[in-house]
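Work through the exercises below with the sequence and the model side by side. Try each task before reading its solution.

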Amino acid sequence: MNRLTLRHRLLLLTLLPSAVIAIALVAYFTISGIHTLEGELRTKGMATVRYLAPISEYGIIAGQIESLHGLAQATVQEPSVKAAIIVNQKGRAIAVSGRVSLASETLRQALDEPTQVAETDRWVAFGAPVRRSLNETDALFEPAGAADKNTPPEVIGHIFVEFDKSELATRQRDLLNRGLLIVLFGLMVLAILAVTMADNLAKPVMQLVHAVREMSSGHLNSRVQVTSSGEIGVLEQGFNEMATHIQEAHQSMQSRIEEATAQLAFQARHDALTGLLNRREFEHRLDKALTSVQAGGEECSVLFIDLDRFKPVNDTCGHLAGDELLRQISQLFQGRLREEDTLARLGGDEFGIILANCGGPRARQVAEDICGLAAAYRFIWQDKVFAIGASIGLTPLSRRVRNITEILAAGDSACYRAKETGRNQVCEQEPLNTEERRHETNGWSTRIACALADDRLHIEAMPLHALQSNAQTGHLVELTARLHEPGQPPVALSALMDAAERYDLAPTIDLRFVETAINALARAQRQNKSLHCLVPLSGASLGRSEVVDSIAASLASHNLSGNGLCLIFSEDVSTHQTSQAIEFSRQVRALGCQIGLNDFGGGLSSFSHLRSISPGYVKLSRSLTRDLGGNRASTALLRAIQEITADQDIYSIAEGIDDIWAIKQLKDLGISYVQGSAVAPCEPFEVWLEGAVFRAI
């Protein structure tokens, strides 16, 4: 029944009661007609025998058989009369006409009055007594007192008449056929009327149904013609108005979604501070340029730029000044380039440029011009003036280059050489061949090995300050390091790890961090102190089984559970080495250690890592906390990240916080920890341990 359409239901509602009533009425009148015909036949039969009985009296008394035969024959001539029989007082037939069907026993029975004596499906018989009538003449010859007036007349015989029922059956059949024809004709008329009515009622409703289905399928421009009156017309008009509102709302929502999607796509490809392309998009375009060159296109060149004397601006005037410097220098570089060139901020104070269809002396000239622009530029902040510069590594993009890794390695190497040989200059380097790579690798290997052996890798502590009451008890610290070499400025950990990763030396430094942290945790356990160490790891360590084995052996040798050790790697590393990151996380969690993600929230894939990596800590990207309070989008995103991480019992860490006023805002947002000069300065790890953890109480 649920599959019936509205039209079918209307037809049923209209036809069924009408058909039942029509059939009932016709059946009633047909049956009544049939009964009437049967009654007419019986009435005729009774009237016939009542009429014949007195007529037959004289013939029976006088013994005039011929007249009785004539009477019987005349009776048979009447319509429907099948036979006529006249019997005497003894029950003997004295006059017969027609085809007699009555049994002899019936003919001999005594009747007191006219009545029906027999009936079958083909005929019916009626009988009546023939009585001697007494008139005044008879009374003269009767002795006095011989007859009583109350004595019934004497029965001197009987008359029987049989009627054929075939004509009755024919008339009944005709009556039944007419009844059926009337029913069929009536039903046909009713059906036509019902179909017309159902179509008139169902058509606008079905149009509404079709329009609703079209809208549910996404065709929001569906409308119905307003052709009906009354309530249906109100529905049609209301549907069109509703559809118009829905379409307008959808278009508005779609516009907002497209705008938000475009904004997210822009943010995924661009640097939030300068508006330039970010490192990920730079490498993507570099790969496309390399593919074009390998396919026969013109050669290109790549510039890797590292600003000189940028750190004094940050240290003297703060990060706001450093950010403004980066914005201004980005505009300065962009003004020197063509539309087809690509300028990107690779991170920190590093920039990259792809010079399209530009090689040889032309590329060198562009690099020299940019170097000159940076040297001549003066950055003014309040009452201070800063002179900066740019160390530039130039690398040609030719067909013999196999992949962008060779380009990045050559550019970084050229940029480092420009810094090491005096800064503010351009150094050019072809992608390294095998011998050159081996020679440079051996150089960095010697420097790192000597630094580790001579203890020139100074490990430092960056303490974390808890903002929420549900933070972990005890001391929480992150480890970092600087490389100190005689006669050289300290090498920051980021620069050191870049070089170490290029030459497969990063795991050695990672294990030195782990060893230092485990020794401190073992000492804290012996003195019943609560300590948690966050140790940075490079992407190269995630795929090394020996790193996990070394961590497990070191924990076992100190009888530690590993709960105080949190291994942190970059979210970008987990994006490019997803399977390795997931497996590494599983293995170290099995040792009781925790996992942390660095630079969290900087990419669109951040939230997918929360389920696959299951970190215990996330360090928020500085792009989110840099403009805290001045950028509503960053604040909203920080709040969303905090809610999501809190639901999964993940601690959030805001790093690089140098302003005290930002701490209250972070606390109000629900951030778990802060890190930076506003809460605690960076200091040697051993000094911090003695002063903060193991000092006498």
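**Exercise 1.** Find what Trp-688 touches, leaving out residues up to four places away in sequence.

*Solution.* Contact means heavy atoms within 4.5 Å. Trp-688 touches Ala-461, Pro-463, His-475, Val-477, Leu-531, Glu-683 and Val-693.

Two notes on the source. This is a predicted model: local features need pLDDT of at least 70, side-chain atom pairs count only at pLDDT 80 or more, and totals for chains, interfaces and linings use all residues. Residues are numbered from 1 along each chain as its sequence is written, and side-chain values use heavy atoms, without hydrogens and water.

**Exercise 2.** Place Trp-688 in the largest nonpolar core, and say which helix gives the most to this core.

*Solution.* Start with the terms. A nonpolar core is a set of buried Ala, Val, Leu, Ile, Met, Phe, Trp, Tyr and Cys residues joined through side-chain atoms within 4.5 Å. Buried means under 20% relative accessible area (1.4 Å probe, protein chains only). The largest core has 72 residues; Trp-688 is one of the six that touch the most other members, with Leu-531, Leu-565, Leu-567, Phe-584 and Phe-685. Helix H14 (residues 506–526) gives the most, ten residues. Helices are DSSP runs of H or I with at least four residues, strands are E runs of at least two, and both are numbered from the N terminus. Another core, of 33 residues, lies apart; Ile-329 and Phe-386 are among its members.

**Exercise 3.** Check the length of helix H2 (residues 65–76), then locate its buried residues.

*Solution.* The expected span is 1.5 Å times one less than the number of residues. For the twelve residues of H2 that gives 16 Å; the end C-alpha atoms are 17 Å apart, which agrees. Leu-68, Leu-71, Ala-72, Thr-75 and Val-76 are buried. They cover an arc of only 135 degrees around the axis, so they lie on the same side of H2. The arc is taken from the directions from the helix axis to the C-beta atoms.

**Exercise 4.** Which strands pair with strand S5 (residues 155–164), and in what sense?

*Solution.* Pairing needs at least two DSSP bridges between two strands. Strand S1 (residues 81–88) pairs with S5 in the antiparallel sense over seven bridges. There, Val-87 has His-158 as its bridge partner. Strand S4 (residues 123–131) is also antiparallel to S5, over nine bridges. Phe-126 stands opposite Val-161 in S5. Finally, look at cover: eight of the ten residues of S5 are buried.

Definitions and conventions:
Buried means under 20% relative accessible area, exposed over 50%, partly exposed in between (1.4 Å probe, protein chains only).
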